Amino acid sequence: MLIIAVINQKGGVGKTTTTLNLGHALALMGHPVTLLDLDPQGHLSASLGVHDPHVSGMDVALLGEQSLSDGVLSVRENLQLIPAGARLGEAESKALPRDRLHNLLKAQFSDQVAVLMDCPPSSGTLVVNALVAADSALVPVSGDYLALHGLSYLMATFRNFETALAKKIPLWLVLTRYQQRRRLARDVRDKLMTYFPNRILATPIRESVALAESPSFGKTIFEYRPKSIGADDYRQLAEDLLHRRTL
Ligand SMILES: Nc1ncnc2c1ncn2[C@@H]1O[C@H](COP(=O)(O)OP(=O)(O)OP(=O)(O)O)[C@@H](O)[C@H]1O
Ligand SMILES: [Mg+2]
């Protein structure tokens, strides 16, 4: 089983879009996947059509009031979600033990091929809990200059985490919101390739309107526009992950 934290403290780079559509792509290939919404904003849950503020999940589990499995919703065939819940912000502001999620996940979901955790754009206690529980991290990077700038900050925090947790966390990068025709995007890609050889998943996720539209319908790209470039890209990305195909 893969336990992957989808992280980047920079906002709006495609963490939620990637967790959602990579997860559904794997599920559609027949691999059971569980998604954890670790962002108090609850965008992942909303993107799957789960809006009810009374539905709890990660919040009460992390606060120690309910088991993780009690929060599991079956959202699609082969796809389960543990929603954020209205009190995840409360959990975030508490000094949770950093191994709480790791302990909750232990011996759970062993029938799943992947557990994907959608992290908030911060480096607080929820992200630390995700990294302790994860066996690898997936970092979406958008194709703009500031993405590179943010990345050196992310790498510094990441190395600090690794030292503090005394644990090596293999890192995968995924290029998101990629505009092939823009020189800047290609420059960002080339620069990343020199810094992260063999760590960038082979398929860049191209900028596409359908990917931006689908969450407002509570649909993944495979339900909203199965023939779009966004669907193609996330299908390929799922293959990249399974077969470790990198640039
Ligand atoms: N490949 C893409 N093409 C077009 N729009 C995209 C693409 N990927 C993401 N978006 C849009 O960009 C916005 C930010 O994406 P998303 O919510 O996935 O980022 P995030 O990193 O999870 O943000 P946050 O840090 O706020 O949680 C959303 O409106 C999303 O629909
Ligand atoms: Mg998000």
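What follows is a chat about the fold, the strands and a few single residues of a predicted model.

Me: How many helices and strands does the protein have, and what is its radius of gyration?
Reply: The secondary structure comes to 11 helices and 7 strands. For 247 residues the globule rule gives 18 Å, and the protein comes close to that, so it is as compact as a globular protein of that length. Its C-alpha atoms fill a box of roughly 50 × 40 × 30 Å along the principal axes. The radius of gyration itself is 17 Å.

Me: Of the contacts between residues at least 6 apart in sequence, what percentage join residues at least 24 apart?
Reply: Some background on the protein comes before the number. Buried residues make up 52% of the 247 residues. The protein exposes about 10800 Å², with carbon and sulfur atoms supplying 52% of that area. As for the contacts between residues at least 6 apart, the share joining residues at least 24 apart is 79%.

Me: How far apart are the centres of the positive and negative side chains?
Reply: The protein has 26 positive side chains and 24 negative ones. The centres of these two sets are separated by 7 Å.

Me: Is strand S1 enclosed or open, and which residue in S5 stands opposite isoleucine 4?
Reply: S1 covers residues 2-6, and 5 of the 5 are buried, so the strand is largely enclosed by the rest of the structure. Leu2, Ile4 and Val6 sit on one side, Ile3 and Ala5 on the other. S1 runs parallel to S5 (residues 114-118), joined by 5 bridges. Within S5, the residue opposite isoleucine 4 is leucine 116.

Me: Which residue of S6 stands opposite alanine 5?
Reply: S1 also runs parallel to S6, and here 3 bridges join them. Alanine 5 is on the face of S1 that holds Ile3. Opposite alanine 5 in S6 stands alanine 137.

Me: What is the bridge partner of valine 141 in S7?
Reply: S6 (residues 136-142) pairs with S7 in the parallel sense over 6 bridges. S7 spans residues 171-176, and 6 of its 6 residues are buried. Leu171, Leu173 and Leu175 point one way from S7, while Trp172, Val174 and Thr176 point the other way. The partner of valine 141 is leucine 175.

Me: How many residues of helix H6 are buried?
Reply: H6 runs over residues 125-133 and is mostly covered. Its buried residues include Leu126, Val127, Val128, Asn129 and Leu131. The count of buried residues in H6 is 9 of 9.

Me: Is valine 75 buried or exposed, and what is its relative accessible area?
Reply: Valine 75 lies in strand S3 (residues 73-76). Beyond its neighbours within four places in sequence, valine 75 is in contact with Leu48, Val50, Gln80 and Leu81. Buried means under 20%. Valine 75 is therefore buried, with a relative accessible area of 17%.

Me: Where is asparagine 78, and what is its phi?
Reply: Asparagine 78 is in the loop between S3 and strand S4 (79-82). At 29% relative accessibility, it counts as partly exposed. Most residues other than glycine have a negative phi. For asparagine 78, phi is positive, near 65°.

Me: Is alanine 166 buried or exposed, and what is its phi?
Reply: Alanine 166 lies in the loop between helix H7 (145-165) and S7. With a relative accessible area of 71%, alanine 166 is exposed. Although it is not a glycine, its phi is positive, at about 50°.

Note on methods:
Residues are numbered from 1 along each chain as its sequence is written. Chains are lettered from A and ligands numbered from 1 in the order in which they are written. This is a predicted model: local features need pLDDT of at least 70, side-chain atom pairs count only at pLDDT 80 or more; totals for chains, interfaces and linings use all residues. Side-chain values use heavy atoms; hydrogens and water are left out. Helices (H or I, at least four residues) and strands (E, at least two) are DSSP runs, numbered from the N terminus. The radius of gyration is taken over C-alpha atoms; the globule rule is 2.2 Å times the number of residues to the power 0.38. Buried means under 20% relative accessible area, exposed over 50%, partly exposed in between (1.4 Å probe, protein chains only). Contact means heavy atoms within 4.5 Å. Accessible areas come from the Shrake-Rupley method with a 1.4 Å probe; for residues, only the protein chains shown count as cover. Lys and Arg count as positive and Asp and Glu as negative; His and the chain ends are not counted. The place of a charge is taken as NZ of Lys, CZ of Arg, CG of Asp or CD of Glu. Two strands pair if DSSP finds at least two bridges between them.
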